[in-house]
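Please work through the exercises below with the structure open beside you. Each one sets a task and then gives a solution that goes step by step.

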Amino acid sequence: MSRAPWPTNGICFGGDYNPEQWPDDVQRDDVELMREAGVNFVTVGVFAWALLEPRPGEYAFGWLDRVMDRLHAGGIRVDLATATASPPPWMTRLYPESLPIDREGRRLWHGSRQTWCPSSPVYAELSLRLVERLASRYAEHPALAMWHVGNELGNHNVHCFCDISAEAFRTWLRERYGDSLDRLNDAWGTAFWSQHYADWADVIPPRRSATQGNPTQELDFWRFSSDEVLLSYRRERDVLSRVTPDVPVTTNFMAMAHTRGMDYWAWAPEQDIVSNDHYVDGRLARPLVELSWSADLTRNLAARSRRGEAGPGTPWLLMEHSTSAVNWQPVNYAKAPGELARTSLTHLARGADGIAYFQWRASAAGAEKFHSALLPHAGTDTKVWREVVELGGLLERLTDVRGTAVAARVALVFDYEAQWASGLPGHPTTLVDYDREVQEWYAAFWDAHITVDVVPTDAVLSSYDIVVVPCLYLCTDSAADNIAAAGRGGAHVVVTYFSGLVDEHDHIRLGGYPGAFRELLGVRSEEFYPLGPEESARLDDGSAVSVWTELLSLEGADAVATYADGPAAGVPAITRHAVGQGTAWYVATRLETTALARFVQRVVDEAGVEAILDAPSGVDAVRREGDGRSFLFVFNHTDQAVTIRASGLEVRESVPVDGSMTIPAGGCAVIREL
């Protein structure tokens with residue numbers, strides 16, 4: 001049976017559906033209510049292994065058959081999960097060696113989810129046995145639109161320190177270092193602290209030790225762990241692709257700030273369709289800015305996927321987010337009226353062609369019973385349900401958005417290995433926060449209403465006018481060359497402090513900081529002067545700075561601003577260097593918000609990059625366009641009405657826009673431009 005590469009004919013709308021939690025009479029109502037809400041797509045079976053295989057080798061598919069048939073009869077497409085996200089309790093009893101062990105040597109037991117070791121051969125064998133049965137049984141089912149491997153892989157178990165993982169780690173290292181202990185010892189710098197290895201059997205994961213461990217050992221373990229969980233995905237994917245070659249396969253990423261452990265730049269090429277989970281995080285300084293960042297990151301992950309047109313127009317799927325409050329934050333804030341549409345449509349605006357939630361019906365029991373859903377505990381006479389139905393109707397009217405793309409003239413380099421390495425101990429200060437720096441630089445462009453592509457270090461950068469490189473502590477030679485080439489080619493390249501300091505082995509680049517970027521930036525730093533948590537300094541242009549200063553000298557660059565006080569008073573803090581046809585800027589400190597905005601505006605003006613619209617901070621704007629279609633999305637996250645200049649048809653209210661439009665506080669607009 002041949003199937004389209006995208007699950008639905010329009011924009012996907014739906015979410016996780018867990019019918020196994022409910023009696024049959026409730027399940028019968030579900031499809032009718034889904035149709036009322038405009039739901040056309042659901043994920044089924046994510047956590048159903050214990051019900052699909054209640055005892056080893058004994059399968060119970062009857063209930064899933066009925067669910068699949070019922071959904072098909074209702075015209076709802078199914079993203080069928082492999083159910084391997086959480087093994088059944090009998091696996092613990094029969095195969096306790098399959099359970100993960102943490103850094104302290106404690107075994108983690110079943111009772112939650114993802115309690116399996118990524119390197120466990122038992123888990124691999126039993127999970128693939130189930131996947132084979134599922135794929136064979138439902139290969140020709142007309143409701144099947146996509147396969148969903150596991151769930152949020154690596155979320156809770158990316159690092160396992162058991163003996164099985166240790167052996168797998170050694171195998172991975174032997175491949176990485178060409179089966180050469182000499183190369184391993186050189187990479188890990190084992191001459192330090194008497195760590196030299198003479199036998200592979202002595203190499204172990206970075207388990208708890210007396211003090212700081214070997215940073216390169218730790219870094220390699222992060223690399224191994226990401227690869228090992230990805231291998232688990234690939235094993236299942238390969239079974240599914242063999243049995244059902246025309247059905248796309250995905251696994252839901254968690255491309256969110258502060259998510260660590262998985263290198264999604266390496267994972268994306270293994271996906272037929274890139275899908276992502278995102279939840280507004282009330283613990284962040286600017287959660288709605290991070291929402292946009294996540295979507296921009298996911299759009300560029302999708303450009304690396306296996307299927308579909310490669311490039312910025314490759315569609316992606318928002319697999320999970322929430323209609324209102326979640327259940328796992330210290331305070332779980334409910335979404336205000338209208339916020340459901342704003343947060344959902346932000347993903348659509350930034351390239352998603354599918355909007356889905358966890359979950360369809362709010363659970364009555366279990367750890368996530370207070371997590372919001374499309375259908376709340378209180379039923380259909382609720383704010384959430386009314387907003388869900390309204391959004392479903394809007395997405396039907398926005399079908400033409402599919403196939404359009406988001407264009408950006410600014411690239412922000414984001415690297416998972418630099419994220420991991422920057423968090424290792426033994427650095428000049430613990431106050432450098434890679435994720436915070438990435439978010440703050442992104443926010444400065446977001447406030448200026450300029451669209452940003454979040455890209456890897458090996459991205460093709462020739463189409464960008466501005467390339468921002470925040471705190472790229474770990475930087476390979478090839479990454480440095482790629483970034484420098486962008487500057488020579490005409491871009492404005494902005495590199496910040498704590499960049500280029502070490503190579504891929506976490507070894508210092510000798511000869512002066514910032515190491516890999518010295519020639520590009522035309523500067524040399526000989527010593528760092530970090531600031532304390534309550535300390536700050538000022539520049540001669542009045543800018544406030546914190547966290548970091550350094551003893552910098554010019555080697556071809558010009559000083560744009562110098563420290564007016566602090567330990568580096570009189571020393572250049574911001575520099576500008578002409579390179580080829582472009583410009584390389586170095587920001588050798590952490591600029592506070594106002595100063596950062598002022599600096600970004602200067603670079604934007606010099607690069608000739610124009611904002612999408614003129615609006616106050618707190619208003620988000622992005623455009624999707626292609627094949628003669630153009631859609632302007634505007635989100636007013638402020639508590640005041642704003643008036644923007646635009647023309648076309650506002651799709652939400654079906655009203656013409658002739659030159660200007662006022663968007664109420666907390667409102668949003670989707671304008672089909674003429």
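The exercises that follow concern a predicted model, and each solution can be followed residue by residue.

**Exercise 1. Aromatic rings**

Task: Determine whether the pair F169 and W188 is stacked or edge-to-face, and say where its two residues lie.

Solution. A pair of aromatic rings is described by the distance of the centres and the angle of the planes. A search of the whole structure finds 32 aromatic pairs. In the pair of F169 and W188, the ring centres are 6.3 Å apart and the planes stand at 25°. Planes under 30 degrees apart count as stacked, and therefore F169 and W188 form a stacked pair. The next step is to place the two residues: F169 belongs to helix α6 (residues 163-176) and W188 to helix α7 (residues 181-188), so that the pair links distant parts of the chain, 19 residues apart. As for burial, F169 has a relative accessible area of 0% and is buried, and W188, with 2%, is buried as well.

Task: Carry out the analysis for W441 and F599, an aromatic pair with 90° between the planes.

Solution. The centres of W441 and F599 are 6.0 Å apart, and the pair is edge-to-face. This pair also links distant parts of the chain, since W441 is in helix α14 (residues 434-447) and F599 is in helix α17 (residues 593-607), 158 residues apart. W441 is buried at a relative accessible area of 4%, and F599 counts as buried at 6%.

Task: Which residues do ring pairs link into a cluster?

Solution. The cluster consists of F161, F169, W172, W188, Y197, F221 and F224, which are linked by ring pairs.

**Exercise 2. Salt bridges**

Task: Find which parts of the chain are tied together by the salt bridge between R260 and D435.

Solution. The whole structure contains 45 salt bridges. In the one formed by the side chains of R260 and D435, the distance from N to O is 3.0 Å. R260 lies in the loop between β6 (252-253) and α9 (264-267), whereas D435 lies in helix α14, so the pair ties together parts that are 175 residues apart in sequence. The two partners can then be judged by accessibility: R260 counts as partly exposed at 30%, while D435 is buried with a relative accessible area of 3%.

Task: Describe the salt bridge of R286 with D447.

Solution. The closest N and O atoms of R286 and D447 are 2.8 Å apart. Because R286 sits in the loop between β7 (275-277) and α10 (287-302) and D447 sits in helix α14, this pair ties together parts that are 161 residues apart in sequence. R286 is partly exposed, its relative accessible area being 32%, and D447 counts as partly exposed at 21%.

Task: Decide whether D627 is buried or exposed, and do likewise for R629.

Solution. The side chains of D627 and R629 meet in a salt bridge of 3.5 Å, taken from N to O. D627 has a relative accessible area of 72% and is exposed. R629, at 18% relative accessibility, counts as buried, because buried means under 20%. Elsewhere, salt bridges that share partners join D296, R299, R350, D453 and D620 into one network.

**Exercise 3. A charged patch**

Task: Which residues gather in a patch of negative charge on the surface?

Solution. The patch is made up of D25, D29, E32 and E36. E32 has its place in helix α1 (residues 24-37) and is exposed, with a relative accessible area of 55%. D29 is likewise found in helix α1, but D29 is partly exposed, with a relative accessible area of 45%.

**Exercise 4. Backbone details**

Task: Where are the residues joined by cis peptide bonds, taking F358 and Q359 and then Y513 and P514?

Solution. The cis bond between F358 and Q359 has an omega of about -5°, and Q359 is found in the loop between β9 (352-357) and α12 (383-397). For Y513 and P514, omega is about 0°, and P514 lies in the loop between β14 (492-496) and α16 (518-521).

Task: Place Q114 and state whether Q114 is buried or exposed.

Solution. Q114 is a residue other than glycine with a positive phi, near 55°. Q114 is found in the loop between α4 (89-94) and α5 (121-138), and Q114 is buried, with a relative accessible area of 3%.

Note on methods:
Residues are numbered from 1 along each chain as its sequence is written. This is a predicted model: local features need pLDDT of at least 70, side-chain atom pairs count only at pLDDT 80 or more; totals for chains, interfaces and linings use all residues. Side-chain values use heavy atoms; hydrogens and water are left out. Patches are made of residues with over 30% relative accessible area and no salt bridge: like charges are joined within 9 Å, nonpolar side chains (Val, Leu, Ile, Met, Phe, Trp, Tyr) within 5 Å. Accessible areas come from the Shrake-Rupley method with a 1.4 Å probe; for residues, only the protein chains shown count as cover. A salt bridge is a side-chain nitrogen of Lys or Arg within 4 Å of a carboxyl oxygen of Asp or Glu. Lys and Arg count as positive and Asp and Glu as negative; His and the chain ends are not counted. The place of a charge is taken as NZ of Lys, CZ of Arg, CG of Asp or CD of Glu. Helices (H or I, at least four residues) and strands (E, at least two) are DSSP runs, numbered from the N terminus. Buried means under 20% relative accessible area, exposed over 50%, partly exposed in between (1.4 Å probe, protein chains only). Rings of Phe, Tyr and Trp (its six-membered ring) pair if their centres lie within 6.5 Å; planes under 30 degrees apart count as stacked, over 60 as edge-to-face and the rest as tilted.
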